[in-house]
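Reader: Could you take me through the enclosed empty spaces in this structure? I would like a close look at what lines them, and then a word on how the parts sit around them.

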Amino acid sequence: MNQKPFNPVLLKELKLRFRNAKSFSSIAFYLIALTLFIVAFFNLMTGYTASGFFQPSESFLLFACLTVLQMGLILFIAPALTAGAISTEREKQTLNILLTTTQTSAQIIIGKLMASLAFLIVILLATLPLYSIVFLFGGVSPSMVVAVFLLFILTVFALGSVGIMFSTITKKTIVSMITTYGVAIFFAFFTFLFFLVGVVNGLESGLLAISYVWISLNPFAVALSVISPDIALGISETTKIELSPVWIYVIGYSGIGLLSLAIAIKKLRATH
Amino acid sequence: MIEFQQLTKNYGQLKALNELSLTIKKGTIFGFVGANGAGKSTAFSILATLLSPTSGDILVNGKSVVQNPHEVRAQIGYMPDFFGVYDQLKAEEYLDFYGAAYGMPAKLRQQKITDLLALVRLTDKRDQYVDDLSRGMKQRLCLARTLMHDPDILILDEPASGLDPRARVEMRDILKDLKGLGKTILISSHILPELAEICDEIGVLDSGKLIASGNILEIQAQLQGDKFITVKVLGDVNVAQQFFLQQQVEHIEKNDFENSVTFVFNGDDVMQANLLKAAIDAGIQVTAFEVEDKNLEDVFMVITEEVAKHESKTV
């Protein structure tokens with residue numbers, strides 16, 4: 001039976017990505033770093049002695065640290081993987097040829113995005129065995145791990161889409177890269193800063209809804225609020241809004257991702 | 001059939017294409033001739049659906065590049081003047097990717113790859129990484145890529161640019177083979193004699209305007225009115241020079257080393273024969289009477305010079 005090929009851009013990108021030795025060495029280095037972190041954490045908690053013990057609450061702390069680390073990794077790697085997806089093709093003079101094929105703009109953009117994200121998801125999956133160490137000591141439920149991973153995937157999708165969008169609308173990879181990192185830094189740090197400023201001002205004016213929105217868009221705060229109901233409760237009490245920040249995060253990041261993708265698809269074949 | 005309809009493309013104040021109208025019949029090998037910046041690549045980019053025209057349109061077998069770009073893409077194979085390749089793919093994988101990008105089923109792609117690698121003389125490079133191929137080989141591989149989905153129309157923008165003489169000859173031979181496949185081919189090249197060998201028709205572009213188009217032989221014949229004639233003589237070449245100065249010839253030049261005179265003669269074959277007879281009757285001992293045919297480069301130079309003269313008069 002003559003079936004139409006499955007997204008060829010995706011398959012080609014995956015082939016090129018996983019053929020590259022650098023991809024595997026970067027995964028290996030990350031896993032080594034994470035392992036060293038966990039070993040150091042255990043040593044620190046047990047006082048560097050064999051007679052030391054590890055409590056479930058400390059297991060949760062390890063889980064929280066790993067979650068923040070993984071989120072940091074996503075914010076660091078997603079722009080690098082996606083911000084050059086289209087602009088590199090343009091710089092290497094392969095884009096024009098690709099655009100004259102019968103692939104639609106959506107197929108090309110989604111293929112590029114999925115290939116970049118697939119690599120990041122492979123890294124995340126590769127860390128699962130290390131992550132599962134926390135189960136040995138209790139204090140963390142599997143549903144928490146699943147929820148955090150879903151949050152990671154949403155963040156990867158949103159930031160990856162932003163990267164692809166800048167890669168499409170800017171001519172140079174370096175410009176696209178800087179802009180995407182700018183967006184990542186904004187969400188990682190500035191949302192938290194704006195939250196603090198908003199809380200200080202809001203306590204006087206009583207307007208805390210804006211602060212709530214800022215903290216709900218901060219990936220670290222939301223990830224921690226997913227694994228710790230206390231943090232979610234703290235945010236609610238501070239901002240006087242009872243809705244979990246996770247929902248704002250899901251809606252906000254889904255919207256950012258979809259809007260960025262739509263812009264990228266529309267602008268890919270801008271023929272002026 | 002390809003119909004350029006009043007095609008205009010402006011970049012700010014610059015008119016890259018100025019109301020280009022042209023019809024290219026199915027199966028024709030059409031050469032675009034023009035200096036750098038004449039508008040060849042712009043016309044090709046619009047035809048390849050990479051650029052939008054400011055006004056006008058191109059119809060490819062009745063489908064508009066503006067209204068139906070997806071349908072047009074399925075009918076064309078485009079080779080730009082500058083292009084990159086995916087270095088980490090093997091030659092076979094490179095062609096397979098583009099075949100898939102045109103929606104070809106896997107089984108069909110494998111057979112097509114075998115045929116095309118044979119056509120471009122790269123069968124033995126099938127499993128070699130594209131990065132390891134020479135410039136000429138990459139150019140031929142790119143040509144094979146344009147043929148993967150068996151398009152009716154090939155758009156080849158300077159396919160021999162940057163190639164050494166041997167690679168040029170190989171590319172020209174492949175293009176001659178393509179001529180036999182019945183494809184409509186649009187080609188541009190700076191090496192005009194190459195175009196003359198391959199093309200059925202040419203269009204001369206100058207500053208975005210089509211200033212001449214048609215069958216190469218017809219255009220050459222139209223311009224044969226002005227011929228370069230070299231007459232070699234025995235004895236004093238100055239006597240011959242004086243004689244021809246009194247005839248209806250222009251731009252006479254003497255070559256003492258070859259004992260010859262060269263001039264531009266505007267006349268038909270009968271007048272040419274009469275001129276030779278008159279020279280012999282005048283006692284000039286003619287050892288050679290050579291008429292130089294105009295090649296495509298001469299045609300291009302004559303046409304563009306005439307346009308320049310006309311424009312300077314208008315100004």
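**The cavities**

Author: A search of the whole structure, which is a predicted model, turns up two cavities of 30 Å³ or more. Rolling a probe the size of a water molecule over the atoms shows where empty space is left.

Start with the largest cavity. Its volume is about 60 Å³. Which residues line the largest cavity? The lining begins, in sequence order, with B:Pro159 and B:Ala160. Then come B:Arg168, B:Met171, B:Arg172 and B:Leu175. B:Ile187, B:Ser188 and B:Ser189 follow. B:Glu194, B:Leu195 and B:Ile198 complete the list. Three elements of chain B give two or more residues each to this lining: helix H6 (165–179), strand E8 (184–188) and helix H7 (192–198). The largest share comes from H6(B), with four residues. Now sort the lining of the largest cavity by class. Seven of its residues are nonpolar, two are polar and three are charged.

Move on to the second largest cavity. About 50 Å³ of space lies in it. Its lining is made by residues of chain A: A:Leu75, A:Thr155, A:Ala158, A:Leu159, A:Val162, A:Val183, A:Phe187, A:Tyr253 and A:Ile256. Here the elements that give two or more residues are helix H9 (142–169), helix H10 (173–205) and helix H14 (245–268) of chain A. H9(A) supplies the largest share, four residues. How many residues of each class are in the lining of the second largest cavity? Eight are nonpolar and one is polar. None is charged. Set that beside the largest cavity, where three lining residues are charged.

Now step back to the chains. Chain B is assigned two domains: domain 1 (2–207) and domain 2 (222–292). Taken over C-alpha atoms, the centres of these two domains of chain B are 45 Å apart.

Finally, look at where the chains meet. Chain A puts 27 residues into the contact, and chain B puts in 32 residues. The size of an interface is often given as the accessible area lost when the parts come together. Between chain A and chain B, the buried area is about 2,600 Å². Carbon and sulfur atoms give 62% of that area. How many salt bridges are there between chain A and chain B? The count is one. A:Arg19 pairs with B:Glu93 in a salt bridge, and the closest N and O atoms are 2.7 Å apart.

Definitions and conventions:
Residues numbered from 1 in each chain as written. Chains lettered and ligands numbered in written order. Predicted model: local features only at pLDDT ≥ 70, side-chain atom pairs only at ≥ 80, totals over all residues. Heavy atoms only, no water. 1 Å grid on protein atoms, 1.4 Å probe; cavity = no way out; pocket = protein on both sides within 12 Å on 5 of 7 lines; lining within 4 Å. Points joined across faces, edges and corners; volume = space filled by probe spheres on them. Nonpolar A, V, L, I, M, F, W, Y, C, P; charged D, E, K, R; others polar. Domains from an automatic or database assignment. Contact = heavy atoms within 4.5 Å. Buried area = accessible area lost by both parts, 1.4 Å probe. Salt bridge = Lys/Arg side-chain N within 4 Å of Asp/Glu carboxyl O.
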